[in-house]
Amino acid sequence: MSTTGATADPLAALGALPGVAESVESVRKAVDRVYGHRIMRRRSNEITSEAALRGARGSAALSGADWALEEVRRRTDFSGDAEAREVGAALRLTAEAGQLLSIWRQSPLRVLARLHLVAAADEADQVGRPRQEGEPVDEPLVELPLPGAGEAHGRLDGLAALVRAGGSAPALVTAAVVHGELLALRPFTSHNGLVARAAERIVLVGSGLDPKSVCPAEVGYAELGRAPYLAALDGYASGTPEGMAAWIAHCGRAVTLGARESTAVCEALQRGAA
């Protein structure tokens with residue numbers, strides 16, 4: 001984000017990067033396709049519930065717990081091994097995110113703290129607050145250099161100020177920056193990936209781009225694969241215009257794939273009702 005920090009609206013400046021407008025338009029068309037489906041007019045709650053389940057599964061997969069969808073659907077106890085706890089955390093976050101939409105624009109840091117509290121419910125005094133200097137971070141799949149706690153706090157405050165200020169940037173751009181910044185900073189001692197993707201979901205829903213939360217980007221990230229996800233994150237962390245644009249484009253592809261997934265669910269329901 002530092003490459004655009006001198007502008008009055010840095011998020012809008014990112015929206016003007018080469019290729020970003022095309023990503024925004026592609027996402028809009030994919031989202032419109034889902035919302036225009038006849039099943040959405042009658043059974044949107046079912047599509048939302050299914051998208052939540054599939055999104056949680058995708059987010060957990062990106063954090064190393066790559067379970068089959070039917071296993072996630074079937075299980076009721078997620079208190080076992082580390083993978084089970086990760087899937088359980090992803091499911092809790094998906095359920096919690098919808099309750100925090102009204103708070104996000106006024107107090108994003110409060111929402112992030114709540115998301116971490118929900119994800120890491122059993123980590124005592126490290127839960128629900130940014131990490132302190134010297135505290136280790138359990139995020140083994142993200143290998144970017146870890147900013148010090150002071151830098152992380154400062155950049156987190158800057159991100160919160162951008163969210164509160166609003167601006168004219170497309171929802172995809174804002175969501176991608178929130179997601180990328182949280183992953184680059186890893187402000188909590190654990191579950192930063194899950195929290196980052198849940199925060200992205202809040203932006204996409206709260207912005208009005210996907211108000212019924214039926215276009216789970218997490219599904220798209222999982223489908224695209226962990227290696228491309230981390231490579232795109234490297235581009236974000238570089239702070240270069242090319243890297244930032246590549247990250248936003250990757251996020252756009254993920255949302256588009258999430259929309260395609262829900263379109264397929266609509267089609268399946270329609271065939272069943274025929």
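Here are three short exercises on a predicted model, each with a worked solution.

Residues are numbered from 1 along each chain as its sequence is written. Local features need pLDDT of at least 70, side-chain atom pairs count only at pLDDT 80 or more, totals for chains, interfaces and linings use all residues, and side-chain values use heavy atoms, with hydrogens and water left out.

**Exercise 1.** Find out how the pLDDT (the predictor's confidence in each residue, from 0 to 100) looks for the protein.

Solution. Start with the mean, which is 93. Next, 96% of the residues reach 70 or more. Then look at residues 2-6, where the pLDDT is below 50.

**Exercise 2.** Work out which side of helix α8 is buried (under 20% relative accessible area, 1.4 Å probe, protein chains only) and what covers it.

Solution. First, locate the helix, a DSSP run of H or I with at least four residues, numbered from the N terminus: α8 spans residues 149-165. Second, list its buried residues: Ala149, Ala152, Leu156, Leu159, Ala160, Leu162 and Val163. They sit on the same side of α8, because their arc around the axis (taken from the directions from the helix axis to the C-beta atoms) is only 155°. Third, look at the cover, which includes α1, α6, α7 and α9. Finally, step past the end of α8 to Gly166, whose phi is positive, near 70°.

**Exercise 3.** Describe the surroundings of Gly193.

Solution. Begin with its place: Gly193 lies in helix α10, residues 192-206. Its relative accessible area is 1%, so Gly193 is buried. Now check contacts (heavy atoms within 4.5 Å): leaving aside residues up to four places away in sequence, Gly193 touches Glu139 and Leu183. Last, Val142 is 51 residues from Gly193 in sequence, yet 8.6 Å from it in space, C-alpha to C-alpha.

How values were computed: Buried < 20%, exposed > 50% of the residue type's maximum accessible area, 1.4 Å probe, protein only. Helix = DSSP H or I, 4+ residues; strand = E, 2+ residues; numbered from the N terminus.
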